[in-house]
Amino acid sequence: MTTTFGWDQSHYDAPMSSRDGIDFVTHKACEGHRFYRDTEYGPAMNAARNLGIPVLGAYFVQHPGTVSDQVDYFVERVNADTPWWREVPWIWQLDAERFSYMSRAPSLSEINAFGDLLRSRTGARASSVIVYAPRWLYGDTLRGLKYELWASSYGSNPAVPYRQAYPGDTSTRWAAYSGQAPVLLQYGSRTIIAGQTTCDANAYRGTLTQLKTKLTGSISTDPVSLP
């Protein structure tokens with residue numbers, strides 16, 4: 001099986017200056033009820049696009065509570081800072097973690113409502129909305145989730161190049177929870193990518209063409225990229 005590797009970034013990371021075999025990149029755009037905007041989102045995504053990263057995307061940290069204002073904020077920032085997003089295979093990454101400043105994690109109904117409204121306002125395919133909702137936080141409480149899972153499991157979390165840190169396509173870190181197998185796995189937060197350290201490394205079990213087809217619904221004839 002061919003594995004496709006990616007990097008989800010935030011303001012802790014510098015814009016990419018080399019591709020280093022990475023085929024998908026997402027970056028934090030904003031968070032909550034107009035709680036926070038990552039000003040590095042636009043520059044970082046434009047850098048990734050200019051390097052020819054074939055699959056790009058944005059992520060939003062969902063806070064508990066009302067959904068419509070948060071979706072508005074997310075779409076507003078993506079349209080303003082990456083107005084070209086419809087021109088590439090795009091991942092809408094919904095980060096449903098609970099951080100210390102939150103009263104609770106987003107509920108199943110809130111996550112589903114966010115995804116539904118996001119699709120309504122952007123025309124996104126359901127398969128392009130992926131929910132970062134780790135097993136260590138949600139366990140099996142997300143049965144009934146309408147969107148696919150982006151799992152998180154670091155193992156010993158070594159500070160090594162991202163390919164070296166990958167546990168493999170048959171690793172138990174890919175195990176199903178909440179009734180579904182994750183489509184993406186964040187397998188380390190201290191990996192080395194394109195010369196940068198403490199990077200969040202991710203994997204998709206399949207070819208780049210398969211990932212692009214999943215996101216867009218179109219069969220791509222583009223060749224699978226080489227490292």
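**Exercise 1. In this predicted model, determine in which sense β2 and strand β4 pair, and over how many bridges.**

Solution. Begin with the two strands themselves: β2 and strand β4, the latter spanning residues 55-61, pair in the parallel sense, and seven bridges join them. A single position serves as a check on the register, since Val25 stands opposite Leu56 in β4.

**Exercise 2. Work out which other strands β2 is joined to, and in which sense each pair runs.**

Solution. Take β1 to begin with, which covers residues 3-9, while β2 covers residues 24-31; these two strands pair in the parallel sense over four bridges, and in this pairing Gly6 has Phe24 of β2 as its bridge partner. Turn next to β3, which runs antiparallel to β2 and is joined to it by two bridges; here Cys30 has Arg37 in β3 as its bridge partner. The connection between β2 and β3 completes the picture, as the two strands form a hairpin with four residues between them, and Gly32 in the turn has a positive phi of about 65°.

**Exercise 3. Decide whether the residues of β2 are buried or exposed, and apply the result to Lys28 and Glu31.**

Solution. The cut-off needed for this step is that a residue counts as buried under 20% relative accessible area. Eight of the eight residues of β2 are buried, so the strand is largely enclosed by the rest of the structure. Lys28 and Glu31 are accordingly both buried, and their side chains meet in a salt bridge with an N to O distance of 2.8 Å.

**Exercise 4. Trace the salt bridges of Arg34 and Arg37, and state which parts of the chain they connect.**

Solution. The principle is that side chains of opposite charge can pair when their charged atoms come close. Arg34 forms a salt bridge with Glu76, with the closest N and O atoms 2.7 Å apart. Because Arg34 lies in the loop between β2 and β3 whereas Glu76 belongs to helix α2 (residues 68-81), this pair ties together parts that are 42 residues apart in sequence. Both partners count as partly exposed, Arg34 at 48% relative accessibility and Glu76 at 34%.

The side chains of Arg37 and Asp81 likewise meet in a salt bridge, at 3.5 Å from N to O. This pair also links distant parts of the chain, with Arg37 in strand β3 and Asp81 in helix α2, 44 residues apart. Arg37 is partly exposed at 37% relative accessibility, whereas Asp81, with a relative accessible area of 15%, is buried.

As a last step, place these pairs in their wider setting: Arg34, Arg37, Glu76, Arg77 and Asp81 are linked in a network of salt bridges, and the structure as a whole holds eleven salt bridges.

**Exercise 5. For Asp20 and Ser178, find the phi angle, the location in the chain and the degree of burial.**

Solution. As background, most residues other than glycine have a negative phi. Phi of Asp20 is nevertheless positive, near 55°, and Asp20 sits in the loop between β1 and β2. With a relative accessible area of 37%, Asp20 is partly exposed.

Ser178 also has a positive phi, near 50°, and is found in the loop between α5 (162-165) and β8 (184-193). Its relative accessible area is 4%, so Ser178 counts as buried.

Conventions. Residues numbered from 1 in each chain as written. Predicted model: local features only at pLDDT ≥ 70, side-chain atom pairs only at ≥ 80, totals over all residues. Heavy atoms only, no water. Buried < 20%, exposed > 50% of the residue type's maximum accessible area, 1.4 Å probe, protein only. Salt bridge = Lys/Arg side-chain N within 4 Å of Asp/Glu carboxyl O. Pairing = 2+ DSSP bridges.
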